[in-house]
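Biologist: Let us go through this structure together, step by step. I shall ask, and I would like each answer to show its reasoning.

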Amino acid sequence: MPIRAILTDIEGTTSAVSFVFDVLFPYAREHLPAFVRVHAGEAEVAAQLEAVRAESGETDADVERVIEILLGWIAEDRKATPLKALQGMVWEQGYRAGQLKGHVYPDAVAALRRWKSGGYDLYVYSSGSIQAQRLIFGCSEAGDLSPLFSGYFDTTSGPKREAASYARLAEAIGRPAGEILFLSDVVQELDAARAAGMCTCGLAREGGELAGHPAVVSFAAIEPTAF
């Protein structure tokens, strides 16, 4: 069954982990408190603050306490959907102001462009919010890469280490799982995608292996027709 679509992770795959931890997280940590205080009354932000209260079990938390919870979640890199949504809003301000530029490896940019022109449908699946994904690629150091992608998925589609999430993604993409190639630097994610029937390829940019999966050091080494 030939590959027709390529689904890629971001962090450690298309983009440096250091960009997230050394640039995006510190930016969110610095700017999120003021953003929440200013925008807490707006419906979109208020909904996420309520979600934080629900997830933390502190249903009566005031805005300042919610900010404390969010900063704690940032410190522990918690994959909490309301945190990701709020970070995305903060990052959007930074991107629009020109204070942030999304990092995408040059080899990833070249391959994504090549695959798109070759007729492959490209999708993103990341623990970062869809909004954050759009910003990384739409305001990247290489320019606006958003026209390359047919869709974005985040943890609202399910945890990245569960096979059922990838089955849902295949359904949403509208192709049999066997026609989708999933790219990631995390073995457990690759395992889950393979369990759902997808083809897999690991990115081991520093070398090494990703147990049970083909592994490459660069997007340049990935040839979808080989899967």
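Biologist: How many bridges join strand 2 to strand 3?

Modeller: Please keep in mind that this is a predicted model. Strand 2 covers residues 121-125, and it runs parallel to strand 3. One of the contacts sets Val 124 opposite its bridge partner in strand 3, Tyr 152. The number of bridges that join strand 2 to strand 3 is 4.

Biologist: Which helix makes a β-α-β unit with strand 2 and strand 3?

Modeller: The two strands run parallel. The unit that they make with the helix is right-handed. The helix spans residues 130-138 and is helix 6.

Biologist: In what order do the strands of the open sheet lie?

Modeller: The sheet has 6 strands, and their pairing is parallel. Strand 3 and strand 6 (215-216) are the edge strands, for each pairs on one side only. Read across the sheet, the order is 3-2-1-4-5-6.

Biologist: How many residues of strand 3 are buried?

Modeller: Strand 3 is an edge strand and pairs on one side only. Even so, the strand is mostly covered. Of its 5 residues, the number buried is 4.

Biologist: Which residue of strand 5 stands opposite Ser 184?

Modeller: Strand 4 (residues 180-184) and strand 5 (residues 199-203) run parallel and are joined by 4 bridges. Ser 184 therefore belongs to strand 4, whose range is 180-184. Opposite Ser 184, in strand 5, stands Gly 202.

Biologist: Let us turn to charged side chains. With which residue does Lys 160 form a salt bridge, the closest N and O atoms being 2.7 Å apart?

Modeller: Side chains of opposite charge can pair when their charged atoms come close. Lys 160 lies in the loop between strand 3 (149-153) and helix 7 (163-173), and its partner lies in the loop between strand 1 (5-8) and helix 1 (17-39), 151 residues apart. Both residues are buried. The partner of Lys 160 in this salt bridge is Asp 9.

Biologist: Is Glu 179, the salt-bridge partner of Arg 175, buried or exposed?

Modeller: The closest N and O atoms of Arg 175 and Glu 179 are 3.4 Å apart. Arg 175 has a relative accessibility of 29% and so counts as partly exposed. For Glu 179 the relative accessible area is 16%, and because the limit for a buried residue is under 20%, Glu 179 is buried.

Biologist: Which residue joins Asp 9 and Lys 160 in one network of salt bridges?

Modeller: Asp 9 and Lys 160 already form a salt bridge with each other. The network arises from salt bridges that share partners. The third residue in it is Glu 189.

Biologist: How many salt bridges are there in total?

Modeller: Another example is the pair Glu 58 and Arg 65, whose side chains meet at 2.8 Å, N to O. Glu 58 is partly exposed at 28% relative accessibility, and Arg 65 is partly exposed at 30%. The count of salt bridges comes to 13.

Biologist: What is the volume of the largest cavity?

Modeller: The structure holds 1 cavity of 30 Å³ or more. Of the 15 residues that line the largest cavity, those closest to its centre are Glu 11, Val 20, Trp 91, Ser 126 and Gly 128. Helix 1, helix 4 (81-96) and helix 6 each supply at least two lining residues. The volume is about 140 Å³.

Biologist: How many charged residues are in the lining of the largest pocket?

Modeller: The largest pocket has a volume of about 280 Å³. Of the 14 residues that line it, the closest to its centre are Lys 79, Ser 127, Lys 160, Arg 161 and Glu 189. The lining also has 3 nonpolar and 3 polar residues. The number of charged residues is 8.

Biologist: What is the phi of Asp 77?

Modeller: Most residues other than glycine have a negative phi. Asp 77 is not a glycine, yet its phi is positive. This residue is found in the loop between helix 3 and helix 4, and its relative accessible area of 21% makes it partly exposed. The phi of Asp 77 is about 55°.

Methods: Residues numbered from 1 in each chain as written. Predicted model: local features only at pLDDT ≥ 70, side-chain atom pairs only at ≥ 80, totals over all residues. Heavy atoms only, no water. Salt bridge = Lys/Arg side-chain N within 4 Å of Asp/Glu carboxyl O. Buried < 20%, exposed > 50% of the residue type's maximum accessible area, 1.4 Å probe, protein only. Pairing = 2+ DSSP bridges. Right-handed = clockwise from strand over helix to strand, strands pointing away. 1 Å grid on protein atoms, 1.4 Å probe; cavity = no way out; pocket = protein on both sides within 12 Å on 5 of 7 lines; lining within 4 Å. Points joined across faces, edges and corners; volume = space filled by probe spheres on them. Nonpolar A, V, L, I, M, F, W, Y, C, P; charged D, E, K, R; others polar.
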